Each structure stands twice: as C-alpha cells, then as structure tokens.
Amino acid sequence: MSMDSLNVDYSTTIPNNVGLMEDRRVLKALEGWHPGYLNWWNDMGPDGFQEKLVYLRTAYSVDPRGWAKFDYVRMPEYRWGVLLAPQEENRTIPFGQHYGEPAWQEIPGEHRAALRRLVVIQGDTEPASVEQQRHLGKTAPSLYDMRNLFQVNVEEGRHLWAMVYLLQKYFGRDGREEADELLRRRSGSEDSPRMLGAFNEATPDWLSFFMFTYFTDRDGKMQLHSLAQSGFDPLSRTCRFMLTEEAHHMFVGETGITRVVQRTCDAMKEAGIDDPYAIDKVRALGVIDLPTIQKKLHLHYSLSLDLFGSEVSTNAANAFNNGLKGRYQETKIDDDHRLENSTYPVLKFIDGQIKLVDEPALTALNMRLRDDYTQDCAKGLLRWNKVISTAGITFELKLPHTAFHRQIGEFKDVHASPEGVIVDDATWAKKRNEWLPSKADGDFIASLMKPVAEPGKYAGWISAPKVGIDNKPGDFEYVKIDT
Ligand code: BYC
Ligand code: FE
Ligand code: FE
C-alpha cells in the first residue's frame, strides 16, 4: 500500500484519500450535496452547541497505527471526509458464487439495485442516530460525556458521507437522488421516517444513549463487518475504515453503562442498602436502580435484534450468493464459503412453541449474524455484572430471550417474557411495565438528567471515567461552554 492512499488530501473542500482532485465529476457532485448536508447538520445536529469549541478527533490518515488528530473544533467546521481503507492488492471475493474471483472495482450491472439498497439502508441509519441524539447535549452529565456524544455524532455524519460518496460515484443519477433522500427523511417522522425501526425510536435520556451506543452501534459493527467482506471493493474499503471509528462508539456505550452501574452500587453500599429491589430507597439516593437499568437493556437489545431482519431471508441469501454481503469474519471461517449444501439452526415459532430447526444456511444468514451479535453483546454484561458482584449485591443483568418484544421476524406476532415463555395478551399487558421501562421509570430518569458542565465534575448518577480522552487530565475542558 502506498503512502498517498494512507494520507488524506485536505486541499479540496472535502478531505479525502480517493483522489477527488482528479475526479472532477464526483467532486462537483459532492460539493453540490455539501450545502444541503450542512443545512441538515445545523437543523438536526446537536441542539444548542453548534458554536462551541469541542475537543474532537479528526481522521487525517487511514493508517491503523495513527489515524486521528485531536483539537478544538466547532462542529459545523468539522472536516467530514471520504476515507477508504487502503486497497488490498489482488483481493478476491471471499464468498458466494463468485468465490475466488477478483473483487470488483466497478459495480456489475446485475447487482446494482441490490447494492444500492444495502448502501442506502446503511447510509440512512447514520443521520438517523444524529437526529435521535440531538437534544442530549443539554443534559450531559459532564463535559467528558458531552464531548463523547459529539464525537459519535460527527463520525456518524462522516459515515453518511462515506455512503453518499459511493452513491455519487458509482450509482449515477439514481445514486444522486438517493443521496438527496438521505437528507430528507427524518427519524420518527410520520410522512418520511428513517428506514429501519430502531432508528425511529426516541433516545430520551443518557442511559438510553449508552444503551444505544452499546447495542445499536454494535449492530452497526456486525453489519459493517459483513459489508467489509463485499465483493464490491470500494464498499469493503469504506466499511473497513468506518469500523475503526465505530470502536469508540461502543466504548462510549460499554463504559457509560459500567459507570452508571458503578455509581448505583457505590451509592447503595454507602447507604447500607443491599436489596437491589428496594427501588424507592435506591432512587432516593439519586441513582438509577438496577431493575430499571435491566428494563432499558431489555428495550434496546430487543430493538437492536430487529435490525438483523427476518431469521429466514431470501434477501440475505441473494446478497451472499451474489458476493455483496458476507458473514462476520468470513475469511476466518473454515468452510466452503458458498453454503449451498449446509444448514444452520434457526429459532422458529411452530405450533405455539419456540423450536430450533435446521434451515438452509444461505437463507439463515441473518440469524447467524444475529447469533454472532448476541455473543459479542454478552461481553459487556460480564463486565457490568462483575461491578455488581464486587459490590456484594445479588443481582445479575441478563440479555432477554430472542422472542422477547420483537417487531420483526418469527416472534413479531406473539408476546414472550424475557425468559422466553410465551404469554397471552393479558399477561403481557400486566407485566409490560416490569419488563420494559414504564412512563414512571422514564420520568424518574428524566428527573436525574440535570446538566453538569464544570470541568472534572459528574452528575450524581454516574461515576467518573477511569481515564480521560487522549490522555487528558480529569479536569480537562472537553467542551468550551463559555465560548
Ligand atoms: N425495520 O428479508 P428481510 C448502523 C424490511 S446500524 C424496518 O427480513 P433483510 C448504525 C427489509 O428492509 C447497521 N424494516 O431482511 C448504528 C425488507 O423490506 P423490503 C445498518 C425492516 O433484507 C448506530 C423486509 O423487511 N446497516 O450502522 O435480509 C448508529 C424483509 O426483509 C427491518 C445495515 O442494516 C427493520 N428492523 O435484512 C448509527 C446493513 N428489518 O426490501 C449507525 C444493510 C427488515 O422487502 N442492510 N426490514 O421492502 C441489510 O443488510 C438488510 O437490509 C437488513 C435487513 C439486515 C437491515
Ligand atoms: Fe456509523
Ligand atoms: Fe456508530
């Protein structure tokens, strides 16, 4: 790989390592799209903080050993760039019917529509999350957290750029139209909602934000890994670089939840409360009780499972067969990478029961990716539960059963408990508020969401992080609130 593809050209209005200077047509198209993007960012991006100086990282290279530079920036002046991971020489398609053939540098005509759909869906989620999180700056529990929120937001903005670049460069006129549509749809809108369910839900408070970055950004990780295997090489390279940024988003979620759990446990210990279900007493300490954290987890995990689509999907089979979307860590899997004769066990709802049945592996690819996701999710729970057990409290956070609270796939028409027991409508109605956050839970959490904007200080419901961003000291001013 050559140095010039590692380093980013900042001489154009759009920083890039894809040679936009020599690609006048695409540069012009992107420059044409840019003002609409800025309008969208100003209208729908972080509310109330657009003029503030924020200590942000910006990508200046795609070299994994050192790609980001930290400095104070006003968010609308953030350099959103088009950055692709370096091209791998002689890369071949790692799966499907084109297995072993050279990866495509242009789109094969017959796969154009399917690829466009994948790129548009991926692109749609990025601005959606910014929209969902736009009010959170005003209730940030610290400047550290506020900065992390804005970092995630600008990078989701860049992920939108990444997909829009592909649309503008490879999909001609309909690509340009889709790029405009990505700025038109709005999270939660009645007439033009975002495309996937979870991206039309509210992110009303910071516990939801941490759950979202832990569970929903992790769907992003799994999907990006699958798309990074794509036979369409520019998509693969784009997704590979997005994954380097994505790691921080999930770090924000994982450590955020750890810190909430830590603070709750510390407060309980100080007050001599060891019953986690003494909810009123725990809440009186100004911290979030563990059962409410569990309910939020139920909600965000189940919404995120829906993002994997149906367990049995011909879309997924076609995408794999045609070399467009692979499996998680495809190149490390030891099999034929074609899956024409293999099966995969799928959870289905048959005769009123939840059963594991073998399905053709090709149509079960969504289920497989979702299983990989569930395994990946479990790591955080180990960490959170360690905090709880170390505090001597008897309580364990758990992932709910797959059938719980689903809106997509096999279980969308039934109600199940978090343990996976099918229940009737009446039981569901009675138990709903024990399993999912109630209005009262939301009101309680909202009552804690008082902003703390003094450097080094944290709201009472969350503990301080162990280390600063970019090794900064504890009282570092991550956002210059008074500028
Ligand atoms: N909501 O065959 P099916 C991220 C639709 S997150 C609404 O079951 P398929 C991020 C589906 O579109 C990662 N509709 O599913 C995270 C289809 O409709 P059409 C985003 C849904 O196609 C945090 C129909 O149901 N990237 O990056 O196999 C912050 C039947 O579909 C939903 C991707 O998702 C839903 N949940 O799989 C920021 C990767 N699920 O076409 C960013 C690209 C399904 O019949 N997308 N439907 O009208 C894909 O790979 C696939 O489209 C999906 C669905 C995995 C989403
Ligand atoms: Fe993203
Ligand atoms: Fe993300």
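Two strands pair if DSSP finds at least two bridges between them. Strands (E, at least two residues) and helices (H or I, at least four) are DSSP runs, numbered from the N terminus. The model is predicted: local features need pLDDT of at least 70, side-chain atom pairs count only at pLDDT 80 or more, and totals for chains, interfaces and linings use all residues. Residues are numbered from 1 along each chain as its sequence is written, while chains are lettered from A and ligands numbered from 1 in the order in which they are written.

**View 1. An open sheet of 3 strands, in the order β2-β1-β7.**
The pairing in this sheet is antiparallel. Strands β2 and β7 are the edges, and each pairs on one side only. Start with β1 (residues 53–59). 7 bridges link β1 to β2 (residues 68–74). Look for R57, which stands opposite F70 in β2. Next, find β7 (residues 479–480), which pairs with β1 over 2 bridges. Here V54 stands opposite V479. In a regular strand the side chains alternate between the two faces of the sheet.

**View 2. The surroundings of strand β1.**
How many of the 7 residues of β1 are buried? The count is 5, so β1 is largely enclosed by the rest of the structure. A residue is buried if 20 or more other C-beta atoms lie within 10 Å of its own, exposed if 12 or fewer, and partly exposed in between; the C-beta atoms are placed from the backbone.

**View 3. The shell around ligand 1.**
25 residues surround ligand 1. A residue is near a molecule if its C-beta atom, placed from the backbone, lies within 6 Å of it. The closest are G220, G309, S310, S313 and N315. Three elements give two or more residues each to the shell: α3 (112–132), α6 (206–228) and α10 (314–321). Helix α3 gives the largest share, 6 residues. By class, the shell has 12 polar, 7 nonpolar and 6 charged residues. Nonpolar means Ala, Val, Leu, Ile, Met, Phe, Trp, Tyr, Cys and Pro; charged means Asp, Glu, Lys and Arg; the others, Gly among them, count as polar.

**View 4. Helix α7 packs with helix α11.**
Trace α7 (residues 233–270) and α11 (residues 365–390). Their axes are 9 Å apart, at an angle of about 15°. Axes are lines fitted to C-alpha atoms, for helices over the stretch in contact, and angles run from 0 to 180 degrees between N-to-C directions. The two helices are therefore roughly parallel. Angles under 35 degrees count as roughly parallel, over 145 as roughly antiparallel, 65 to 115 as roughly perpendicular and the rest as oblique. The crossing of α7 and α11 is right-handed. A crossing is right-handed if the near helix is turned clockwise from the far one by less than a right angle, and left-handed if anticlockwise.

**View 5. Helix α6 crosses helix α11.**
The axes of α6 and α11 come within 10 Å. They cross at roughly 135°. The pair is therefore oblique. This crossing, too, is right-handed.

**View 6. F251 in helix α7, and A271 in the loop between α7 and α8.**
Find F251 in α7. F251 is partly exposed, with 14 other C-beta atoms within 10 Å. F251 and N366 are 115 residues apart in sequence. Their C-alpha atoms are 25 Å apart in space. Now move to A271, in the loop that leads to α8 (279–284). Is A271 buried, exposed or partly exposed? A271 is partly exposed, with 14 other C-beta atoms within 10 Å. K281 is 10 residues from A271 along the chain, and their C-alpha atoms are separated by 9.3 Å.

**View 7. The hairpin of β3 and β4.**
8 bridges join β3 to β4, and the two strands run antiparallel. Y344 has E359 in β4 as its bridge partner. The hairpin has 2 residues between the strands. D351 lies in this loop, between β3 and β4 (353–360). The phi of D351 is positive, about 50°, although D351 is not a glycine. D351 counts as exposed, with 5 C-beta neighbours inside 10 Å.

**View 8. Q329 in the loop between α10 and β3.**
This loop leads to β3 (343–350). What is the phi of Q329 near? The value is near 50°, positive in a residue other than glycine. Q329 is exposed, with 12 other C-beta atoms within 10 Å.
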